[in-house]
Amino acid sequence: MKAIALAHPNIAFIKYWGNRNHDLRIPVNGSFSMNLKGLSTKTQVIFREDLSEDKLILNEDEASGAGLMRVSQILDEVRQKSGINLYAQVISENNFPTGAGIASSAAAFSALALAASKAAGLKLDERALSILARHGSGSACRSIPSGFVEWTDGEKDEDSYAFTLAPPEHWDLADCIAVVSSGHKEVGSTQGHRLAETSPLQKARIADAPRRIRICREAILEKDFEKLASIVEKDSDMMHAVMMTSNPALFYWNPATLRVMQSVRNWRAKGLPVFYTIDAGPNVHVITLKENIAEVKKKLSHLEGVQNLLTATVGGAARVIEG
Ligand code: PMV
């Protein structure tokens, strides 16, 4: 009745933005990501006789409201599948600073899906776990499998899941995250996915997605850094163009975000293997090769507005660490 699981966040190379089905979080386009080793969420789930409701403790603080409701929905699904009729205590901790602008929901919901199903005695395969995690947060389905991960959009609940395209050892990439703001986002991604369809640019972004996905897949399998760099930057810029032109508009960048983007492009033009990608926030993920981490971090630390730097290499699958 108790289990602990660990999962990494992931950074999307081809972004998920917009749903075909909001309740089930079935996306309008497929996406790609890399798991981030070094950053992780550890979640313990205990189903207990003495509880009269689910209890959630996030980084040592008791949580309620919308966050708890989202967790309870996943627990309900696990209770339904297992026949267990008990409330659960969930204790979740990130090893990266909260408010650092690192999407924590992917790691959180994949660790929760794994810990809750294990604690309930369910034997779910990777695909079923990915689908369960997706119900909590779309991008969480990509933190269940290992390494470089593809999420096929799918038409129905059961065919929208993520799988490994290549294991972590396939390519020594690294993510240097330039934190330029540690404030909380004003508009979270759940609401953002609903706004996507209000942008006239979203249709064009979706129509071109199969082409970007094909190029990204080839670039990863061929380990072609230049090819990956140009398609990932393009895809990130396209998502932000949709965000900026939705109604209401979402502007996540600040002057330091643009400074990092510009510098990364200049460094690449001069031969350094780097490219940027940005999620629903102002912080910039600067992707490079593992051997260039020190140089990239040094350069980033000199830029005005860069408050903090986090580093991650390619991470493995979500895993049970106790139970
Ligand atoms: O899983 P969500 O609902 O937090 O959405 C994630 C959205 C982006 O991070 C902006 C893109 C992505 O594919 O991870």
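Here is a short back-and-forth on a predicted model with a bound ligand.

User: What makes you say the ligand lies between domain 1 and domain 2?

Analyst: Both domain 1 (2-168) and domain 2 (170-314) give residues to the shell around the ligand, so it lies between them. That shell has 14 residues, and Tyr16, Ser137, Ser139, Arg142 and Ser189 are the closest.

User: Why does the pair formed by Ser137 and the ligand count as a polar contact?

Analyst: The cut-off is 3.5 Å between N or O atoms. A polar side-chain atom of Ser137 sits 2.9 Å from an oxygen atom of the ligand, so the pair falls within that cut-off. Tyr16 gets to 2.9 Å as well, but with a backbone N or O atom. For His193, an N or O atom in the side chain is 3.0 Å from an oxygen atom of the ligand. On its own the ligand has 380 Å² of accessible area, and the protein covers 96% of that.

User: How many residues of each class are in the shell around the ligand?

Analyst: The split is 5 nonpolar, 6 polar and 3 charged.

User: Why is Gln89 called buried?

Analyst: Buried means under 20% relative accessible area. Gln89 has 12%, so the label fits. Gln89 is part of strand 9 (residues 87-94), and its contacts include Val45, Ile46 and Leu51.

User: And what makes the link from Gln89 to Arg48 a polar contact?

Analyst: The two side chains are joined at 3.4 Å, and the limit is 3.5 Å, so that distance passes.

User: Why is Glu60 labelled exposed, while Lys223 is labelled partly exposed?

Analyst: Exposed starts over 50%. Glu60 has a relative accessible area of 69%, so Glu60 is exposed. Lys223 comes in at 43%, between the 20% and 50% bounds, and therefore counts as partly exposed.

User: What is the phi of Glu60 and of Lys223, and where are these residues?

Analyst: Glu60 is not a glycine, yet its phi is positive, about 75 degrees. You'll find Glu60 in the loop between strand 7 (55-58) and strand 8 (61-63). Lys223 isn't a glycine either, and its phi is about 50 degrees. Lys223 belongs to the loop between helix 6 (209-222) and helix 7.

User: How do you know that the peptide bond joining Asn247 and Pro248 is cis?

Analyst: Look at omega: it is about 0 degrees for that bond. Pro248 is in the loop between helix 7 (225-244) and helix 8 (255-269).

Conventions: Residues are numbered from 1 along each chain as its sequence is written. This is a predicted model: local features need pLDDT of at least 70, side-chain atom pairs count only at pLDDT 80 or more; totals for chains, interfaces and linings use all residues. Side-chain values use heavy atoms; hydrogens and water are left out. A residue is near a molecule or strand if one of its heavy atoms lies within 4 Å of it. A polar contact is a pair of N or O atoms within 3.5 Å; within protein, one must be able to donate a hydrogen and the other to accept it, and residues adjacent in sequence count only if both atoms are side-chain atoms. Accessible areas come from the Shrake-Rupley method with a 1.4 Å probe; for residues, only the protein chains shown count as cover. Ala, Val, Leu, Ile, Met, Phe, Trp, Tyr, Cys and Pro count as nonpolar, Asp, Glu, Lys and Arg as charged, and the others, Gly among them, as polar. Domain bounds come from an automatic or database domain assignment. Helices (H or I, at least four residues) and strands (E, at least two) are DSSP runs, numbered from the N terminus. Buried means under 20% relative accessible area, exposed over 50%, partly exposed in between (1.4 Å probe, protein chains only). Contact means heavy atoms within 4.5 Å. Lists of a residue's contacts leave out its neighbours within four places in sequence.
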